[in-house]
Structure formats: structure tokens, C-alpha cells
Amino acid sequence: MTWLLLDATESMEAESMGLVERRFCRGCVPAGPVADLACVRCGDGPLLGGELAAAADGDDRISPMVQAWMSSAGWRLSGPVCPDCVGELAR
């Protein structure tokens, strides 16, 4: 399963937060809140962990950082629809 998490990294000048894509086995999943980012057509999609899940607030809001990841991965934001289903719908 693909997870999207915030990753704090320290640079020489300032601390920055970045979005990282990770995969975990069942025994190693991160603790804390989890939200599902699912395609409306097939139900597939990554899990949001930690602060990203907490920011979703259960009202289907998606942070701009997650929206940017979705766009770069080929998702159609209206829906949302995953890249595989976008390709199927285009046929």
C-alpha cells in the first residue's frame, strides 16, 4: 500500500516540510491518524498518514500539497479519479 506522509528535513538555511511517498508492510505502518485518498471510480489510492490525515478533517478536503502530488502523478482532481481510470475514461 502506498502512503503519503509529511517528512521534515533540515536544510542548512531553514527547516522545510516535504511530501514523501512510502510503502509499509502491515507490521510497520505509521501510528496516528489515517485517511484514505480513493478514486471515485475504482476505489484505489494512497493512504494519508499523520498530519496529512489530520488535516483532511473527515470532510474530503485535500491539502494543496496533496493536490500537487495527485496532479503530478496523473490524477484528475475532479472526482478524484486515479491515473488508471483517467486512461480508461479517455478510451
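A nonpolar core is a set of buried Ala, Val, Leu, Ile, Met, Phe, Trp, Tyr and Cys residues joined through side-chain atoms within 4.5 Å. The model described here is predicted, and the largest nonpolar core in it has 14 residues. Among these, L4, C39, L48, V66, M70 and W75 touch the most other members. Two elements, α1 (51–56) and α2, each give two or more residues to this core. The largest contribution comes from α2, with three residues.

**Overall architecture**

The protein contains four strands and three helices. Along the sequence the order of these elements is β-β-β-β-α-α-α. Of the 91 residues in the protein, 26% are buried. The exposed surface amounts to about 6000 Å², and carbon and sulfur atoms supply 51% of that area. Where contacts between residues at least 6 apart in sequence are considered, 42% join residues at least 24 apart.

**Contacts of V66**

V66, one of the core residues listed above, touches L4, L19, L37, L48 and L52 when residues up to four places away in sequence are not counted. Of these partners, L4 and L48 are also named among the core residues that touch the most other members.

**Strand β1: T2 and W3**

T2 is placed in strand β1 (residues 2–10). With a relative accessibility of 14%, T2 counts as buried, because the cut-off for that class is under 20%. Leaving aside residues up to four places away in sequence, T2 touches E21, R22, R23, P46 and L47. With one of these residues, R23, the side chain of T2 also makes a polar contact of 2.7 Å to the partner side chain.

W3 takes part in the one aromatic pair that the structure holds. Its partner is F24, and the arrangement is edge-to-face, with 5.9 Å centre to centre and 85 degrees between the planes. The pair links distant parts of the chain: W3 belongs to strand β1, whereas F24 lies in the loop between β2 (15–23) and β3 (34–36), 21 residues apart from W3. W3 is buried, at 5% relative accessible area, while F24 is partly exposed, at 26%.

**The salt bridge and the cis peptide bond**

The count of salt bridges comes to one. In this salt bridge the side chains of R91 and E88 meet at 3.5 Å, N to O. R91 counts as exposed, with 79% relative accessibility, because the cut-off for that class is over 50%. E88 has a relative accessible area of 40% and is partly exposed.

A cis peptide bond joins G79 and P80, with omega of about -5 degrees. P80 lies in the loop between α2 (64–72) and α3 (83–90). In general, most peptide bonds are trans.

**Accessibility of the residues discussed**

The table collects the relative accessible areas of the residues in the pairs described above.

| Residue | Relative accessible area | Class |
|---|---|---|
| T2 | 14% | buried |
| W3 | 5% | buried |
| F24 | 26% | partly exposed |
| E88 | 40% | partly exposed |
| R91 | 79% | exposed |

Read by pair, the aromatic contact sets buried W3 against partly exposed F24. The salt bridge brings together partly exposed E88 and exposed R91.

Notes
Residues are numbered from 1 along each chain as its sequence is written. This is a predicted model: local features need pLDDT of at least 70, side-chain atom pairs count only at pLDDT 80 or more; totals for chains, interfaces and linings use all residues. Side-chain values use heavy atoms; hydrogens and water are left out. A salt bridge is a side-chain nitrogen of Lys or Arg within 4 Å of a carboxyl oxygen of Asp or Glu. Buried means under 20% relative accessible area, exposed over 50%, partly exposed in between (1.4 Å probe, protein chains only). Contact means heavy atoms within 4.5 Å. Accessible areas come from the Shrake-Rupley method with a 1.4 Å probe; for residues, only the protein chains shown count as cover. A polar contact is a pair of N or O atoms within 3.5 Å; within protein, one must be able to donate a hydrogen and the other to accept it, and residues adjacent in sequence count only if both atoms are side-chain atoms. Rings of Phe, Tyr and Trp (its six-membered ring) pair if their centres lie within 6.5 Å; planes under 30 degrees apart count as stacked, over 60 as edge-to-face and the rest as tilted.
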